[in-house]
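Okay, thanks for coming, everyone. I'd like to walk you through a structure that is new to most of you, so let me put it up on the screen.

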Amino acid sequence: MKATAAEPLPNSPEFTVSELSSALKRTVEDAYGHVRVRGEISGFRGPHSSGHCYFALKDDSAKIEAVIWKGVHGRMRFKPQEGLEVIATGKLTTFPGSSKYQIVIEAIEPAGVGALMALMEERKKKLAAEGLFDEARKQLLPWLPEVIGVVTSPTGAVIRDILHRLEDRFPRRVLVWPVRVQGEGSAEQIAAAIRGFNALEEGGRIPRPDLLIVARGGGSLEDLWSFNEEIVVRAAAESMIPLISAVGHETDVTLIDFAADKRAPTPTAAAEMAVPVRAELFVEVSSLERRTMLCWQRGQEHRRSELRAAARALPKATDLLNIPRQRLDRASAQLPRALRANAHLYERRLSAIGGRLTVTALRAQIDRGKEKVARLATSARRCADLHIQQRETRLKYVAQLLNALSYKGVLDRGFALVRDEHGQPLHAAAHVGSGQHLTIEFADGRIGATADGEGTAAAKPKAAPAKPASKRTTDFGVKKVQGDLF
């Protein structure tokens, strides 16, 4: 009996979903281990937060999912960009979680020169919009640099051409920073070399270049692509040292040419731009020297002619001295007469003054002087008497104050002052020792005494609490404390 399509086949094996997905995965990976797929990148929005890249490759009628792992993406020379046609190399596999097949990309490259040119034009517009190619940013090249830094491959013909051309024109010190000029990691090395030269300190052990040359020989667009990378273009634009770009031949154009301060069609032309021709400088200096000498000679001859003309126009020395001589003779002739007239004038003045000096006038002047002296003497005596009187009054006041404050007034009231052997007053019996020599002073004299026992301090009655003292102000503005009689 034949089974219908709707009836299950009793002999068919039964698979779980996971088993079927694993079987399909093995089948796809075994049949398509590594493939090269050409297509346009679609849906690329940059790396995921995990660092992986997820997008799709498509053509006119189909699309395949693609993934680039984080580690592979970091090593890629060409980075994926939306809309770029590429050739991707990778491994075809499936993703069981969504029943999709996808390609795990291991390498990616633009699909032909057209894609590279499109990528280059897009990058050029982006960097130009940031102002990296503005003419205002470009620096003038030094006329004669002392040190020239060259960023290129140390084994190629480029460095030999540059050194040979510099030797022919004007030998200068050259520092070479060896780099790879194509292939994996070349762009990073070129950018690091440019920034490394700029990081050198002036006056350091390694001299800082006055001019940089970034050079490479000719090649295809793919070979020169390192000089189109953003990292290289930005390093050239940021360089504080003037930079000449000499990449490829005259027809080759790279993005570093727009960021550099000067573009040279070839590396040899870059060396010619860097320094002048020494022989031509010698000829120019010799020509300037001859012209300077001729100009100086013509100037000297012109000054001689002017001096001769001025000398002919000047009068003779005898003619210049005639008038001063005449004036001197006239003055010497008038001098005796002028001296006599002056002497007569002063003689008349002296006679007039002497006529006024009579005995009567002198006596009147003396009398007026005596009167003035007498007035001054009377005034001086009066001032002296007043000053002495004031001093006497002040002295009496001070003597009264001294008597009032002296301890002798206390002695007159029947008290005595006890002193020790050194003449110092003793204020308490506790300070007196047995057998100590004392001096007792009374109002009418002093006597000596010897203590016969140790002194003891008498008990003092407990003092009553002091009442607040009233304050009054004296006529002199000094505050005095008035004690309480009770």
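Before anything else, one term: two strands pair if DSSP finds at least two bridges between them. The strands themselves, like the helices, are DSSP runs numbered from the N terminus, with at least two residues (E) for a strand and at least four (H or I) for a helix. With that in hand, look at strand S8 (residues 211-216), which is joined to S9 by 5 bridges, the two running parallel. Alanine 215, for instance, has alanine 246 in S9 as its bridge partner.

Now the small print. This is a predicted model, where local features need pLDDT of at least 70 and side-chain atom pairs count only at pLDDT 80 or more, while totals for chains, interfaces and linings use all residues. Residues are numbered from 1 along each chain as its sequence is written, and side-chain values use heavy atoms, with hydrogens and water left out.

Overall, we've got 12 helices and 15 strands in the chain. Of its 486 residues, 27% count as buried, and buried means under 20% relative accessible area, with exposed being over 50% and partly exposed in between (1.4 Å probe, protein chains only).

Back to that sheet. It's an open one of 5 strands, in the order S7-S6-S8-S9-S10, with parallel pairing. S7 and strand S10 (262-263) are at the edges with a single partner strand each, so one side of each has no neighbour in the sheet.

So how many residues of strand S6 (residues 147-152) are buried? It's 6 of the 6, so S6 is largely enclosed by the rest of the structure. Val147, Gly149 and Val151 point one way, Ile148, Val150 and Thr152 the other. S6 runs parallel to strand S7 (residues 173-178), with 6 bridges joining them, and glycine 149 has leucine 175 as its partner there.

Strand S9 (residues 243-247) is mostly covered too, with 5 of its 5 residues buried. On one side you have Leu243, Ser245 and Val247, and on the other Ile244 and Ala246.

Next, the cores. By nonpolar core I mean a set of buried Ala, Val, Leu, Ile, Met, Phe, Trp, Tyr and Cys residues joined through side-chain atoms within 4.5 Å. The largest has 54 residues, and among those touching the most other members are Phe55, Ile105, Ile190 and Val214. Helix H5 (residues 186-199) gives the largest share, 6 residues. Domain 1 (17-111) and domain 2 (117-276) both contribute, so this core lies between them; those bounds come from an automatic or database domain assignment. There's also a second, separate core of 19 residues, including Ile159 and Phe170.

Finally, the long helices. The expected span of a helix is 1.5 Å times one less than its number of residues. Helix H10 (residues 317-356) has 40 residues and reaches 58 Å from first C-alpha to last, close to the 58 Å expected. H10 bends by about 35° at leucine 335, with proline 336 following within four residues. That bend is the angle between axes fitted to the seven residues ending there and the seven starting there.

And helix H11 (residues 359-405): is it enclosed or in the open? The number buried is 0 of its 47 residues, so H11 lies largely in the open. Its end C-alpha atoms are 69 Å apart, which agrees with the 69 Å it should span.
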